[in-house]
Amino acid sequence: MEALRQDDPRRFGPYTTLARVRESAVAVHFLARGADRDGLAVVTAARPALASVPAFRRRFWSEARTAERLAGGPVPRPDVSPEGDGLWTATAYVPAVTLSEAIGLAGPLPERAVRVLGAGLARTLSRVHASGAVFQGLAPGTVLVAEDGPRLTAFGPLGAAAHAEAREGGQLSVRLGYLTPEQVEGQEAGPASDLFVLGLLLAYAATGTTPLADGPAEEAAERIAHGSAELDSVPVGLRALIAGCLSKDPAGRPTAGSVAAELAPEGAADRAQGGWLPAMLAAAVTDQAARARALEPPAGPVDDGPRVPPVEDRTPTDAVPTGAALPDGGAPGHVVPPGGGHDGDPDEDSRTTRFLGTGARTPRSDRATAQLTLPEEVTNTAPPRLPAAVPPRAQPYAHPAFTAAPPALPAAAPSAAAPRTGPVTGRRALLTAVAAGAAGLVLGGAAVAALGSDGSASATTDEKPAAEPRPALPGRPPEPRWTYARPAKAPAPLTAGVWQDRLLVLTDTAGATAVDLRTGRKVWERADAAGAQSVLTAGEDLCFLAAPTEFLWLSPEDGRIRHRVRFADQFDGVPDMKVAPLTGQSGSVLWFTGSHTVTVRAPKPKKGKKRGKDTQVVKAYFFAYDVVRREEVWRVAVPAGRAPGTPAYRLIAARNADLVVRQDAGTLTPADVRAGQGKAVFRCFDRTTGKPLWNRRFGTVAPGGAAAGDQEGRLFGAVGDDLGAFETGSGKPLWTLNGTASSVFGTPVAAGALLHTTNRDQEVGAVERATGKVLWRRSTEVPAGDGCPALTLSGSGRTLLAADASQVTAFAAADGRRLWKFQDIGAPAPEGAAVTAPYRVLATGKTSVVVQRERALYAFPVE
């Protein structure tokens, strides 16, 4: 604990701050006094830079609602900041230590204390499971040991984050909770998963070690999935119950209610009466309470506190994310002691994931895996960590949060064996993780390149292909092969495209840039290709760009423009042609719509009459153009669209003999809208000649509703809340996939015999294309919104990626196993605004995809 600093808030709503408990990369924790002056509270305030991030705010409010719903007994009820008053929570101060601190201080708990602990936790889990939720927040750092029984400080995967720490060189690491056998196998967590973790936690409380889960992450994951738990050190009276919780088969585990009843038939509260803590722990809690209540608000000028050294000179401090229910260390009455308060060496832990460095990595639940880029000004605010204290058993207990000053120990000398090399970590280089909605705040991935200021990927120093990363643990995103970011001063990309699986080509209003797909290095940049809005392949030798007024063919080696065709020169009879975004491409032929305005002279008047006024009429055409031969294949006149007149067509299906398109709803004229009566009109053209074949409606597919076709003559479209399949030749319905009142299906993706589906409930699935039979359906676990995840199939067809405004989620295409999640909020713009652009996924070859979020791009290996 330290005195308040000059710029620290003096109040949070009705709470008056007394002292700083500690600060982290994402939040500052204060001890505060409530309005009645008799009640103490711990206020956790998110840093303003993070509080402005939409994903972080959504997570905050989700945690707040969960905590309020489950409040009572061992779950503290939070007081949540009102809208517009930053992001903070306050919970009543309760003198307590975390379970990990308790074990470090007093050793394993006696059997009676373990029973009180387990019964209290199981009772809370029973309440959570009764609400239809899964807790996923049990960890030694999220369980508080108080005088009247155990307390829980976090909900959902946020609790599993336990500790986040700033490490040397700006690294950020997080100590996680435990995986379960079903999660290691890629399955979803359920109520039985909480019981498996409860078994691990009770064994830890009874013995001081965790069966199966200790040691390097990869080995721990293997033991959790297939190993046998060694429980000889567990008291005989608890052994059978813990063994049942640790059953590999979820169906073989007891329920939370039965565990509570077996551990404490009279109830945890009754069993805790008369004192349940060992004497050393009881004394520590009592002493902590006395010191806290002696604090008074500062009367004079506030000390500015110690200055924060630069990132490269700093050693770690705990950095715990904020939420409605406080994570480990930010709980009521709890402060992490010097040295981290962890078992063993505070600088090395078998359950830690590190970034921009090496070390042990942790498997984790797929509900809690993603990546988030934090601004440099956020990550550079953690204070220096205190030197490691003398082990607790060697001296009388005095909780460091209420100690006047830490012991003056000499700082450790820097290691000569590991000299610091490479660039200083910048704002785009420090990665931590936040999964949106129900997913938690944890780290994901592994060593990632620090990005240079010119937007190049500094992890690659030559033109050799990036090294293949090690296989990812369950739920964790694989290590990116490279990262690339456009400079902050450059315009945001208009589009991105892949050329021959060799180049990633980005276009913006200032030019075009090519990035080597093997290494992530910038190959060339051309200002004379500015404004292009589509990137396509033109044979084996040239890259094709479609700009608003011309087509361009560029050399892939240096970006030089080899050919340029202006619309005014190429398309006779259509002067001043205006072109809509390209409809689509198949092979060397692309399709697009264009229009121009012609003057229709008024007819010659009759004798004695005045001549009428000439009129302006828009004529529109649908074109086929060969980008290899650089010549028009055919054109056909089509109805004009809404002013200025160019209809925009979207390709629904390109088959051997014909192609099916639909006009974008935004370019329909008022007359088209009235005639359609709320239904979309699809058009079919002969692929060789452009001859119109038919115009047709399919069910009640709306003008803006999702639609896609396949090679077998089927069309799939959103019909109200359902997804329907139709025969395009006749319009006959084939099958219907029923949705919910809020599902609203998005654009599906056909792959072999399957059709992959997406909807606004943030569900992704697969059905048989011929019958509509559901094969699997999974949630991305993102809060439901207005849009559907956009689907991309990897080049091999084995991985399905769902991208939305919050994250990218990877699934096994065959059976829907959730593989990993990735999230990156991007670097804030110079004026401080956070990136809110949705994610986009580009398949590159059979074993890689590129994930784009505005200026930031990541190349991930996939199956």
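Two strands count as paired when DSSP finds at least two bridges between them. Keep that in mind for this tour of a predicted model.

**Stop 1: the sheet**

Select strands E16, E17, E18 and E19. They form an open sheet in the order E16-E17-E18-E19, with antiparallel pairing. The edges are E16 and E19 (522-526), and each of these pairs on one side only. From one strand to the next, the twist averages 20 degrees.

**Stop 2: E16 into E17**

Now narrow the selection to residues 495-499, which make up E16. Five bridges tie E16 to E17, and the two run antiparallel. Pick out tryptophan 499: leucine 503 in E17 stands opposite. Next, go to the turn. E16 and E17 form a hairpin, with three residues between the strands. One residue to click there is glutamine 500, whose phi is positive, at about 50 degrees.

**Stop 3: E17 itself**

Select residues 503-508 and show side chains. How many of the six residues of E17 are buried? Six of the six are, so the strand is largely enclosed by the rest of the structure. The cut-off behind that word is a relative accessible area under 20%.

Colour the strand by side-chain direction. Leu503, Val505 and Thr507 point one way. Leu504, Leu506 and Asp508 point the other way. Residues of both sets are buried, Thr507 and Asp508 among them.

**Stop 4: E17 into E18**

Move on to E18, residues 511-516. Six bridges connect E18 with E17, again in the antiparallel sense. Aspartate 508, which you have just seen on E17, stands opposite glycine 511 in E18. The two strands form a hairpin with two residues between them.

**Stop 5: E18 into E19**

Extend the selection to E19. Four bridges join E18 to E19, and these strands run antiparallel. Click alanine 514, then find its bridge partner in E19: tryptophan 524. E19 is an edge strand, so stop here on this side, because an edge strand pairs on one side only.

**Stop 6: two cysteines**

Leave the sheet and select cysteine 684 and cysteine 788. Which of the two is buried, and which is partly exposed? Cysteine 684 is buried, with a relative accessible area of 1%. Cysteine 788 is partly exposed, at 24%.

A disulfide is a covalent bond between the sulfur atoms of two cysteines. The test applied here asks for a pair of cysteine sulfur atoms within 2.5 Å. By this rule, the count of disulfides is zero.

Definitions and conventions. Residues are numbered from 1 along each chain as its sequence is written. This is a predicted model: local features need pLDDT of at least 70, side-chain atom pairs count only at pLDDT 80 or more; totals for chains, interfaces and linings use all residues. Side-chain values use heavy atoms; hydrogens and water are left out. Buried means under 20% relative accessible area, exposed over 50%, partly exposed in between (1.4 Å probe, protein chains only). Axes are lines fitted to C-alpha atoms, for helices over the stretch in contact, and angles run from 0 to 180 degrees between N-to-C directions.
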